[in-house]
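Visitor: I'm new to this structure and would love a close look at a single part of it. Could you pick one sheet and walk me slowly around it?

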Amino acid sequence: CKFLLHSIPKVLTCLQPVRETREKQVQLWKELILDYCRSQKMYIISLEEDFPLFSNPKIERSLSYEAKEVFLAALVSEGRAEWIDKSHKKCLILWLRIQDWANYILDFVKENGLEVTTIEDIRSGIETHGTELAGIDRGVLMRALRLLEQKGKAVIFKGSSADDEGVKFSV
Amino acid sequence: SKAKEMMELAEKMRQKLLTNSSAQSNSNDEEMGSKQDMQDLLLSVGIVSPVTKETAGALYHQQLSRQLADFVRVPVERAGGMMALVDVYCLFNRARGTELISPEDLLQACSLWEKFDVPVMLRKFDSGVKVIQTKTHSDDEVFARISSLAQKPDALLKGISPSDAAFTLGIAPALAKEHLLNAENKGLLCRDVSPDGFRFYINLFNEIDLQNIHLPKAHGLYHTWISLATAAH
């Protein structure tokens with residue numbers, strides 16, 4: 001990945017008209033976006049704002065709006081992203097699918113013996129440092145936890161402080 | 001508008017003549033007579049040529065076709081093996097002097113080449129541009145030359161423009177662009193469009209292994225590209 005990011009060729013940023021070439025280009029960008037967001041722990045891409053992956057000052061090239069839409073729409077089709085708004089200006093990137101997040105959380109909880117914890121601890125507690133969970137998007141986390149709830153693996157409850165919630169896992 | 005009415009009437013009659021002539025055995029003398037009358041009437045009005053003249057025209061096109069094949073061979077070869085049809089049209093008519101042929105005649109003459117063993121062919125690009133090319137000037141040969149041009153270190157980084165290709169292939173820039181677009185369609189090249197114009201590159205997308213995006217192929221084109229790119233920056 002670092003090779004590609006170091007010097008993205010100009011052709012990568014130009015939407016290719018030939019179908020087969022376009023398909024490869026879309027595939028490539030889907031991987032790039034997922035990898036980048038995972039490594040930078042980013043969850044939201046806003047099409048109307050600058051996004052480091054989409055601009056390369058070295059080659060003085062940025063993806064066109066249309067190109068960004070095409071690549072993100074492809075991720076959405078594959079279930080690896082979701083449009084946050086109707087006008088398709090903001091995109092939630094699921095570099096792990098909700099189901100995968102749910103599994104990851106369960107494994108994490110088992111390994112660390114955390115039967116009861118808070119949402120905030122999952123997001124920023126000491127145990128989560130260096131794991132994928134560190135800094136997880138709150139919305140994504142809640143969806144994963146609710147999925148676990150449906151499967152009877154967890155219970156979400158209101159915490160002692162007004163703005164915090166806790167989770168009890170049954171592993 | 002009277003003239004227009006006349007035209008419309010004459011056209012209707014001509015159409016009727018045409019459909020009647022293709023009808024099966026209408027060898028009724030009476031009908032033949034009235035048909036002849038109609039043809040004479042139309043001839044005197046001087047609007048449309050009767051059916052029989054069109055049949056005779058077939059021989060005309062065959063002769064024209066052979067003449068054209070003989071004529072174009074040298075100019076097309078001199079132009080690098082390919083020449084736009086419009087240019088051939090001008091050259092040919094200029095050579096003929098007063099007996100000018102129409103674009104339709106030219107096209108028809110070219111289309112007849114398929115039936116004869118001539119060293120030239122008519123070829124239509126996806127964009128609609130028609131050219132005459134020598135049969136030895138095959139696509140594969142052109143692709144090989146474009147491919148080798150596109151893989152030179154300079155071209156890997158900066159791509160090739162239609163003028164670059166024209167220079168290498170020895171043909172007109174407009175035709176060179178057609179070749180580049182054709183090569184792009186076949187997946188040999190990819191493009192970059194910028195304010196500076198069109199540039200084509202060897203299709204790097206073919207080189208990227210999507211299963212192993214992080215690992216450029218050890219001895220592939222992409223590896224070469226990366227070394228050049230890192231050196232350049």
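**A sheet and the helix across it**

Guide: Helix 7 of chain A, residues 138–150, lies across strand 7 and strand 8 of chain A, and its direction makes an angle of about 125° with strand 7 of chain A. Please keep in mind that this is a predicted model.

Now let's turn to the strands themselves. They belong to an open sheet of three strands in chain A, with the order 6-8-7 and antiparallel pairing. Strand 6 (116–118) and strand 7 (154–158) of chain A stand at the edges; each has a single partner strand, so one side of each has no neighbour in the sheet. On average, neighbouring strands of this sheet are turned by 25° against each other, direction ignored.

Next, follow one pairing along its length. Strand 7 of chain A and strand 8 of chain A, the latter spanning residues 165–169, run antiparallel and are joined by five bridges. To find your place in this pairing, look for A:Val155, which stands opposite A:Lys168 in strand 8 of chain A.

Let's put the pieces together. Strand 7 of chain A is an edge strand, it is joined to strand 8 of chain A by five bridges, and helix 7 of chain A lies across both of these strands. If you trace the sheet in its order, 6-8-7, you pass from strand 6 of chain A to strand 8 and then to strand 7.

Note on methods
Residues numbered from 1 in each chain as written. Chains lettered and ligands numbered in written order. Predicted model: local features only at pLDDT ≥ 70, side-chain atom pairs only at ≥ 80, totals over all residues. Heavy atoms only, no water. Pairing = 2+ DSSP bridges. Helix = DSSP H or I, 4+ residues; strand = E, 2+ residues; numbered from the N terminus. Axes fitted to C-alpha atoms, helices over the stretch in contact; angles between N-to-C directions. Contact = heavy atoms within 4.5 Å.
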